[in-house]
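Biologist: Please take a close look at one part of this model and set it in its surroundings, in one connected account. Begin with the matter of disulfides.

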Amino acid sequence: MRNLCYVAKTSSNHQPPLTLTPRQSLESAAVYGIIESAADIIERWNTETSTHARVTSMFNENKQEATVFIDRVKDLQKTMELLVSEDSNSERLVRAQRLMEIAMKRLQKEFYQILSTNRAYLDPESVSTRSSLTSERSSYSDFPDDDDYHTAAGDSIVEVEEATSNVMTELRSIAECMIASGYAKECISVYKSIRKSIIDEGVYRLEVEKINTAKAKRMSWEEVELKIRSWLEAVKVSMETLFKGEKILCDHVFESSDSIRESCFSEISREGALLLFTFPEIIALRTSKKNPPPEIIFRLLDMYSSLAGNWRAIESIFSFESTSVVRSQALKSLVSLSESIRSLLLEFESRIHRDSSKVVVRGGGVHPLTLSVVNHISLLADYSNVLVDILAGSPPPDRTLIPESYFNVSDSDDSPSSELAVRFAWLILVLLCKIDRKANYYKDCSVSVQYLFLTNNLHHVVSRARSSNVKQLLGEDWVKRHVGKIKQFSDSYKRLAWGPVLATLPENRMVEMSAEEVKDRFEKFSEGFERAYRKQGACVVPDRELRDEIRLSIARKLVPVYREFYNTRRSVILAGAGGVRNLSSVVRFTPEDVENHLSDLFSGEGISGSSSVSSPSSCRSRQSTS
């Protein structure tokens, strides 16, 4: 016979038979009535004696009788406590204990059936959204009553909510009854077995698999990235529904016992949670031991953001002492990710420093290094919130190396956001210094192309900064300074490329000139314009707005001066020998011709060449000067 956990200890000495008073006789009759009343319903659902009981679910067939069954078992348990205190060897207690064993076997079967057959209503998503369903249902009252769609949706929500709530209530009533009757072990065993299989299946469907360091090393970076994307989705679902839903269900069913709630949830969820939260640490270790592609840092930042963003949920869901290992693993992964991200940022800066490409972009266009680095920095700026945490405590760049005219930051401002801004400003400065040196590769072409190259590249940097979070980090002042720098480079290009053409025309428009002098001026202008157009026609300005701006600026300076000279001096050529025939040989361009030629600039293909490479640190003076 089972020793019940609630049975009080009795003396080992034999107690003599008691003489019952009239009141005790009444109590004895009441005890007999309770036992027989319990026996009536318990025997009716005895799986050993009733075929109907073996194949039928009491809670499914007759919920009212199931409620009576629970009440009778509770009454029986209280009666047994009374009998133990009076005579632990009485026949009534023996009968009551036998009935209790039959009842517990029945309830264990019911518990199993409810858990097994109601998975749709006990899946973590249904349970975790139970409270939100009520809010969603009430929100439908904001819509017109005659809206059939919303009415149907509201009815569906009510149906799901009520079904889930009823099933959870039935499970709790059985669990409380079995625990109070000393059958907690049997109840827990059934619950753990079924619910752990559901959580394990959920983790498997989320494509979370066990990956060790050796396996991670053998994976290609493409495979790693796919695994990370799957993991990110898995974390979202796990924290919002899978583990959250299981915690809610466990807390509800075993509300009467804190220790059982902890034991069940811990055993059910710990393995899957550890599998989930170990993955980032393994990937972080892989990136630190094998040369990763630069873009892998964004996937690590995604994982860090996911863990950090779910940290409160992790602490809440896995709050038990027995699940502290889950919290510890999540924290270890955060630390490992932080270390790998910091390492990748240092490697990114080092890669810019080490760039030794001698590729000369045709026509002074935007260099591939500028494109890749600026794209990388712009994407990094999207993670500024988490980068502040990741880089906290890491030594920032030496502020004395950053010219004040490039980026003005107070030495006394050591806030995390200010330090992050300094880091971004420094990365861009390293790039600009490198580009400044690469401009020297155009010295065999002309100095003007060097300035066009600087204009194009700095414009690309500023344009991307304006359209990304880099502007929020560095501020409007930084943008304005560099817009001014773009104008300086552009003005230098126009002066060097087109200034000699403008210089062929007389400064004093009213000065008297002989026919020979006029002819000489027209010829010099034609030759100079042809030479400049031929050389600059190979240049490119990829940005349409900048291209139009430079074209218009050149035309505004050159065309009006030439048009006035053309209109006032052409008659001198016509009046000379040869007339019109001589005019066409001396004056090869009309003002309209000049305008048309200028409108075609900066869309051609460029030139190539090579030169030596200089270190970026020596260019700070050039970047800081106006």
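Modeller: The model is a predicted one, and with the cut-off of 2.5 Å between cysteine sulfur atoms the count of disulfides comes to zero. A disulfide is a covalent bond between the sulfur atoms of two cysteines, so the distances between sulfur atoms decide the matter. Two cysteines illustrate the result. For cysteine 250, the closest cysteine sulfur belongs to cysteine 264, and the separation of 4.8 Å is too far for a bond. For cysteine 177, the closest cysteine sulfur is that of cysteine 187, at 9.8 Å, and this too is too far for a bond. Cysteine 177 counts as buried because its relative accessibility is 1%, and cysteine 250 is buried because its value is 0%, the threshold being under 20%.

The part to examine closely is the setting of cysteine 250, which lies in helix H12, residues 221-253. Apart from residues within four places in sequence, cysteine 250 is in contact with Tyr191, Arg261, Cys264 and Phe265. Cysteine 264 therefore appears among these contacts, although its sulfur is too far from that of cysteine 250 for a bond. A further relation concerns methionine 168: this residue and cysteine 250 are 82 residues apart in sequence, while their C-alpha atoms are 9.6 Å apart in space.

Phenylalanine 243 is another residue of helix H12. With a relative accessibility of 0%, phenylalanine 243 falls under the 20% threshold and so counts as buried. Its contacts, leaving out residues up to four places away in sequence, are Ile199, Val203, Ser238, Phe265, Ser269, Gly272, Ala273, Leu276, Ile317 and Phe318. Phe265 is listed for phenylalanine 243 and also for cysteine 250. The C-alpha atoms of phenylalanine 243 and serine 128 are 8.8 Å apart, with their positions 115 residues apart in sequence.

Phenylalanine 254 adds to this picture. Beyond its neighbours within four places in sequence, phenylalanine 254 is in contact with Phe111, Ala175, Ile179, Cys187, Tyr191, Ile260, Arg261 and Cys264. Tyr191, Arg261 and Cys264 occur in this list and in that of cysteine 250. Phenylalanine 254 is also one of the residues with the most contacts inside the largest nonpolar core, together with Phe111 and Trp498; that core has 179 residues. Helix H19, residues 416-438, gives the most to this core, with 14 residues. In soluble globular proteins, nonpolar side chains tend to be buried together.

Tyr191, a contact of cysteine 250, leads to helix H10, which runs over residues 184-205. The 22 residues of helix H10 should span 32 Å at 1.5 Å a residue, and its end C-alpha atoms are 31 Å apart, so the expected and modelled spans agree. After helix H10 comes glutamate 207, with a positive phi near 65°, although this residue is not a glycine. Glutamate 207 belongs to the loop between H10 and helix H11 (213-218). Its relative accessible area of 54% is over the 50% limit, which means that glutamate 207 is exposed.

A second positive phi, near 70°, is found at phenylalanine 602, again a residue other than glycine. Phenylalanine 602 is placed in the loop between helix H25 (591-599) and helix H26 (620-624). Here the relative accessible area is 1%, and phenylalanine 602 is therefore buried.

Trp498, named above for the core, also appears beside a polar residue. Glutamine 536, in helix H22 (residues 515-536), touches Ser448, Tyr493, Ala497, Trp498 and Leu601, residues up to four places away in sequence not being counted. Its side chain makes a polar contact of 3.4 Å with that of serine 448. Glutamine 536 counts as buried because its relative accessibility is 2%.

As for the wider chain, there are 26 helices and zero strands. Buried residues account for 47% of the 626 residues. Of the contacts with a separation of 6 or more, 82% link residues 24 or more positions apart. The protein chain exposes about 31400 Å², of which carbon and sulfur atoms supply 49%.

Conventions: Residues are numbered from 1 along each chain as its sequence is written. This is a predicted model: local features need pLDDT of at least 70, side-chain atom pairs count only at pLDDT 80 or more; totals for chains, interfaces and linings use all residues. Side-chain values use heavy atoms; hydrogens and water are left out. Helices (H or I, at least four residues) and strands (E, at least two) are DSSP runs, numbered from the N terminus. Buried means under 20% relative accessible area, exposed over 50%, partly exposed in between (1.4 Å probe, protein chains only). Contact means heavy atoms within 4.5 Å. Accessible areas come from the Shrake-Rupley method with a 1.4 Å probe; for residues, only the protein chains shown count as cover. A nonpolar core is a set of buried Ala, Val, Leu, Ile, Met, Phe, Trp, Tyr and Cys residues joined through side-chain atoms within 4.5 Å. A polar contact is a pair of N or O atoms within 3.5 Å; within protein, one must be able to donate a hydrogen and the other to accept it, and residues adjacent in sequence count only if both atoms are side-chain atoms. The expected span of a helix is 1.5 Å times one less than its number of residues.
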